[in-house]
Amino acid sequence: METTKLFIGLELLSELFIFLIGLGVLSLIYMYIVDRMQTKQAIRHNYPIIGRFRYLFEKQGEFFRQYFFAMDREEMPFNRAERSWVYRAAKDVDRMLAFGSTRNLEPPGTILFMNCAFPTLEEDAVPVSPITIGPNCRHPYTTDSLFNISGMSYGALSRPAVRALSKGAALAGCWMNTGEGGLSPYHLEGGCDIVYQIGTAKYGVRDEAGQLSDDKLREVAAHPEVKMFEIKLSQGAKPGKGGILPGNKVTEEIAKIRGIPVGQPSISPNGHPDIRSAQDLLNMINRIREVTGKPVGFKAVLGNTVWLEQLLDLVEELGEQTAPDFITVDSADGGSGAAPQPLLDYVGLTLKESLPLLVDMLIERGLKKRIKVIASGKLIVPSKVAWALAVGADCVVSARGFMFSLGCIQAMQCNKDTCPTGITTHNPRLQRGLDPEHKAVRVANYHKYINYGVGLIAHSCGVKEPRELRRYHVKIVSDHGLSIPLHELHPVPEVHHPGRGEPPP
């Protein structure tokens, strides 16, 4: 009896196997016919079935390069060495390395910090000095955080990702920028300090006609967590083009927060329709500051700087009280948002050039103390944060660094709603692996070790805290292979208004 059942089972398995083989053969025949009949792809037409593997390999190539073929310092936009440091810092595991650096110290442009013979001892080190942004506002903002979370919208990011960043920022004591997508309950959930970003579409603070609403501004400013407002003129991912959120990511909740239709692409204008000049920008800054009582600045990628000269001319003419409270300067080499490749690759100045340019313009006019400078753009490891501070930045913000701390693997699928780590997708199945409570701790760890690493560099240079770093603490490798001091490459300019007492960066 048992033998009979066994034979019957084997017979059924063999029939199933034959059926599957037949189904596979029919599928191959079908694909062969389809490939031969279509004329859109020459490879598939000329090499039916086999030609399909080309497209598979092309798609998988970026993943194979990342894990098997690229060297530690080769990948773009972030190499394995940088990502690995962030992962280890976020997980609070050993960050020490042995047998020397894998970084080539000879290429032109390489940054080197100048250690001194008498480094700062632990007992001589002091806490990071606080700064006050918008001292003349009704509600100025004072912070000692060097490193903060840059603008990433709810919509571009998933709900658990925003919750994790909010909770992590609160644990770390840093601020979190909302991005242009408006203020969600998940930004407020952690109780962290918040910078509300106003994009070109005015999401979250717009009236029914899409214009900036004073009433909506007051509603947002009523939240004690909201400390500052940032007008976004442009961003590193796409200078000169507005934000892009595909329709499949515009859920009912996101549509309500932004004030737009459900399921339709959320495409912001390339620029603010009501800001067409330096005077318009200054008017908008002062309007928002008067309505909210809180510090107001703007974010921009620098390219043509005539408009910025005009803005500073107006500030000198009208008085320092009219000045923006801060300027966030973004690098042109990408960001967390999806963007057209021509803009990613060719438009705007990188931070290496734009940050000293902006700082020097403010020093020349005696406005460096009044207008705080926030640096943004691929500053995800301590050395790059320390460089920005030495050049003259008051604070640094990062988006992708904190995405890595959440577990981002640089899959490059941020705009496709297929993010495998759950960070930039609204697919519930993919979000399940992102636990906000657990990831919040990683966010805070990452922030802690950025500060620790910047402190290590500062103390090796002989200063007591990171905000004392100056350009003479840095050298840059030149074209002839030898390094030159950063303050010779970018000399600190003469102060046109010495009475304002500008400290030399």
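**View 1. M37, an exposed residue at the end of a helix range.** M37 is exposed, with a relative accessible area of 66%. Keep in mind while looking around that this is a predicted model. M37 belongs to helix α1, which covers residues 2-37.

**View 2. A nonpolar patch on the surface.** M37 has company here: together with F17, I21, V25, L26, I29, Y32 and I33, M37 makes up a nonpolar patch on the surface. Add up the accessible area of these residues and you get about 830 Å². M37 itself counts as exposed because its relative accessible area, 66%, is over the 50% cut-off.

**View 3. E82 and K384, a salt bridge between two helices.** Now for the charged pairs: the structure holds 18 salt bridges, and one of them joins E82 to K384. Their closest N and O atoms sit 2.8 Å apart. E82 is in helix α4 (residues 80-91) and K384 is in helix α13 (residues 382-391), so this pair ties together parts that are 302 residues apart in sequence. The two partners differ in how covered they are: E82 is buried, at 10% relative accessible area, whereas K384 is partly exposed, at 27%.

**View 4. E437 and K167, another link between helices.** In this close-up, E437 forms a salt bridge with K167, and the closest N and O atoms are 3.4 Å apart. Helix α16 (residues 436-460) carries E437 and helix α5 (residues 159-172) carries K167, so the pair ties together parts 270 residues apart in sequence. E437 is partly exposed, with a relative accessible area of 47%. K167 has a relative accessibility of 18%, so it counts as buried, the cut-off being under 20%.

**View 5. A salt-bridge network around the same pair.** Step back a little from E437 and K167, and R163 and E189 join the picture. These four residues are linked in a network of salt bridges.

**View 6. D360 and R471, a buried pair.** Here D360 forms a salt bridge with R471, with 2.7 Å between the closest N and O atoms. D360 lies in helix α12 (residues 351-364), while R471 lies in the loop between α16 and β14 (474-477), so the pair ties together parts that are 111 residues apart in sequence. Buried or exposed, what are D360 and R471? Both are buried.

Note on methods:
Residues are numbered from 1 along each chain as its sequence is written. This is a predicted model: local features need pLDDT of at least 70, side-chain atom pairs count only at pLDDT 80 or more; totals for chains, interfaces and linings use all residues. Side-chain values use heavy atoms; hydrogens and water are left out. Patches are made of residues with over 30% relative accessible area and no salt bridge: like charges are joined within 9 Å, nonpolar side chains (Val, Leu, Ile, Met, Phe, Trp, Tyr) within 5 Å. Accessible areas come from the Shrake-Rupley method with a 1.4 Å probe; for residues, only the protein chains shown count as cover. A salt bridge is a side-chain nitrogen of Lys or Arg within 4 Å of a carboxyl oxygen of Asp or Glu. Helices (H or I, at least four residues) and strands (E, at least two) are DSSP runs, numbered from the N terminus. Buried means under 20% relative accessible area, exposed over 50%, partly exposed in between (1.4 Å probe, protein chains only).
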